[in-house]
Amino acid sequence: MLKPLHKNVILKKDEVEKKTASGIILTEANKNQPSIATVVAVGPDSEAEIKEHDRVVYKEYSGTKVEVDEVEYIIIEDEDILAVMA
């Protein structure tokens, strides 16, 4: 498992539904995908008001993508997290 250092936060990007409730497949689903993720871990120096399992909105092109055990994570600085979803 990954353990963030300094002010870094580890996120797991939320999956976007590619099919409507009635079964219609959305081909453009990935094009306008929102930058929403779930917090997996928070670094010891982070002063952001976030904790594990929070859903957050982050800057679209920030962070570093890492794959561990076939799961993709994003390592991002806490200042690149824009909001916590209520």
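**Exercise 1. Find which residue of β5 stands opposite Leu11, and place the pair in its strands.**

Solution. Leu11 has Ile74 of β5 opposite. The two strands involved are β1, residues 8-13, and β5, residues 71-77, which pair in the antiparallel sense over four bridges. Strands here are DSSP runs (E, at least two residues), helices are runs of H or I with at least four residues, and both are numbered from the N terminus. Two strands count as paired if DSSP finds at least two bridges between them. The model is a predicted one, in which local features need pLDDT of at least 70, side-chain atom pairs count only at pLDDT 80 or more, and totals for chains, interfaces and linings use all residues. Residues are numbered from 1 along each chain as its sequence is written, and side-chain values use heavy atoms, with hydrogens and water left out.

**Exercise 2. State the order of the strands in the sheet, and explain which strands stand at the edges.**

Solution.
- The protein chain has zero helices and six strands.
- The six strands form an open sheet in the order β4-β5-β1-β2-β3-β6, with antiparallel pairing.
- β4 and β6 (81-84) are at the edges; each has a single partner strand, so one side of each is left without a neighbour in the sheet.
- From one strand to the next the twist averages 45°, taken as an angle from 0 to 180 degrees between N-to-C directions of axes, which are lines fitted to C-alpha atoms (for helices, over the stretch in contact).

**Exercise 3. Trace the bridges from β1 through β2 to β3.**

Solution. Start with β1 and β2, which run antiparallel and are joined by five bridges. Within this pair, Lys12 is opposite Thr38 of β2. Next, β2 (residues 36-42) pairs with β3 over three bridges, again in the antiparallel sense. Thr38 has Arg55 as its bridge partner in β3.

**Exercise 4. List the residues of the largest nonpolar core and the strands that supply them.**

Solution. A nonpolar core is a set of buried Ala, Val, Leu, Ile, Met, Phe, Trp, Tyr and Cys residues joined through side-chain atoms within 4.5 Å. Buried means under 20% relative accessible area, exposed over 50%, and partly exposed in between (1.4 Å probe, protein chains only). The largest such core has ten residues: Val9, Leu11, Ala37, Val39, Ile50, Val56, Tyr58, Ile74, Ile76 and Ile81. At least two residues of this core come from each of β1, β2, β3 and β5. Apart from neighbours within four places in sequence, Ile74 is in contact (heavy atoms within 4.5 Å) with residues including Val9, Leu11, Tyr58 and Ser62.

**Exercise 5. Decide whether Ser62 is buried or exposed, and describe its surroundings.**

Solution. Ser62 lies in the loop between β3 (55-58) and β4 (64-68). Its relative accessible area is 15%, so Ser62 is buried. A polar atom of the Ser62 side chain is 2.9 Å from the backbone oxygen of Lys59. Residues up to four places away in sequence aside, Ser62 touches Ile74, Ile76 and Asp80.

**Exercise 6. Decide whether Leu82 is buried or exposed, and name the residues that Leu82 touches.**

Solution. Leu82 belongs to strand β6. With a relative accessible area of 55%, Leu82 is exposed. Not counting residues up to four places away in sequence, Leu82 touches Val57, Tyr58 and Lys59. Leu82 and Ser35, 47 residues apart in sequence, have their C-alpha atoms 10.0 Å apart.

Key:
A polar contact is a pair of N or O atoms within 3.5 Å; within protein, one must be able to donate a hydrogen and the other to accept it, and residues adjacent in sequence count only if both atoms are side-chain atoms.
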